[in-house]
Amino acid sequence: MVAKNGSLDANVILRLLLNDVPKQHKAVVDLLSSNTSQFAVADVAIIEIVFVLCRAYEFSREQIAEAIDGLMNLGGINCNQSLFAKTLPLFVEHPALSFEDCCLAMYAQLNEAEPLWTFDKKLDAQASNARLIKV
């Protein structure tokens, strides 16, 4: 992940997406538009953003997928697009799975590290590459 301008934390991205604190939203927009290279956004920041949008703002999975997809398509953002482009559809299609579980399943697939071994029966039932460890 190459980013010449540094990185952005989850709160900065949330202010950009939500525009719930107008001065902070403007500051983020100004920061992004005043630079020609990209800012890194870590996987954990995206995961935190999804958690906050689900829990605190009660966005639907479809709304969250649209917001994260839009974020990934901004020219000034450099994030793990290969992971999240695969994770978002799984997240929308399987409402019983958390975003974190969807990320784990897609991480295993992208890194040719399958199966994803788990004790989580729900994950085993809904992610095709997950396998339950028998106890």
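Asp30 and Lys26 both belong to helix α2, where four residues, about one turn of the helix, separate them. Helices here are DSSP runs of H or I with at least four residues, strands are runs of E with at least two, and both are numbered from the N terminus. The side chains of Asp30 and Lys26 form a salt bridge with an N to O distance of 2.7 Å, the term denoting a side-chain nitrogen of Lys or Arg within 4 Å of a carboxyl oxygen of Asp or Glu. Side chains of opposite charge can pair when their charged atoms come close. Asp30 is partly exposed, with a relative accessible area of 35%; residues are classed as buried under 20% relative accessible area, exposed over 50% and partly exposed in between (1.4 Å probe, protein chains only).

The model is predicted, and local features were accepted at pLDDT of at least 70 and side-chain atom pairs at pLDDT 80 or more, whereas totals for chains, interfaces and linings use all residues. Residues are numbered from 1 along each chain as its sequence is written, and side-chain values use heavy atoms, with hydrogens and water left out.

By the stated rule, the count of salt bridges is two. Besides the pair in α2, a salt bridge joins the side chains of Arg15 and Asp20, at 2.8 Å from N to O. Arg15 counts as buried, at 12% relative accessibility, whereas Asp20 is partly exposed, with a relative accessible area of 35%.

The overall fold comprises seven helices and four strands. Along the sequence, these elements follow the pattern α-α-β-α-α-β-α-α-β-α-β. The C-alpha trace spans about 55 × 30 × 20 Å along its principal axes. Of the 135 residues in the chain, 37% count as buried. One of the buried residues is Leu53, with 1% relative accessibility, and its place is in helix α3. Between Leu53 and Asn35 the C-alpha to C-alpha distance is 27 Å, at a sequence separation of 18 residues. Ser7, in the segment before α1, counts as exposed at 55% relative accessibility. Ser7 and Ala108 are 101 residues apart in sequence, and their C-alpha atoms lie 25 Å apart in space.

The largest pocket contains about 170 Å³ of space. Pockets were identified on a 1 Å grid over the protein atoms alone, as open sets of points where a 1.4 Å probe fits, with protein on both sides within 12 Å along at least five of seven lines; lining residues have an atom within 4 Å of a point. Grid points were joined across faces, edges and corners, and the volume is the space filled by probe spheres set on the points. The lining consists of Val50, Phe51, Cys54, Arg55, Arg61, Phe91, Leu97, Ser98, Phe99 and Glu100. Helices α3 (43-55) and α6 (99-110) each supply at least two of the lining residues, and α3 gives the most, with four. By class, six residues of the lining are nonpolar, one is polar and three are charged. In this scheme Ala, Val, Leu, Ile, Met, Phe, Trp, Tyr, Cys and Pro count as nonpolar, Asp, Glu, Lys and Arg as charged, and the others, Gly among them, as polar.

Backbone geometry was also examined. A cis peptide bond, with omega of about 5 degrees, joins Glu114 and Pro115. Pro115 lies in the loop between α6 and β3 (116-118). Glu112 lies in the loop between α6 and β3 and has a positive phi of about 50 degrees, although it is not a glycine. Glu112 is exposed, with a relative accessible area of 73%. Asn19, another residue other than glycine, has a positive phi, near 50 degrees. The loop between α1 (10-18) and α2 (22-33) holds Asn19, which is partly exposed at a relative accessible area of 40%.

At the surface, Trp117, Phe119, Ile133 and Val135 make a nonpolar patch of about 520 Å². Patches are made of residues with over 30% relative accessible area and no salt bridge, nonpolar side chains (Val, Leu, Ile, Met, Phe, Trp, Tyr) being joined within 5 Å and like charges within 9 Å. Accessible areas come from the Shrake-Rupley method with a 1.4 Å probe, and for residues only the protein chains shown count as cover. Within the patch, Phe119 is exposed, with a relative accessible area of 59%, and is found in the loop between β3 and α7 (121-126).
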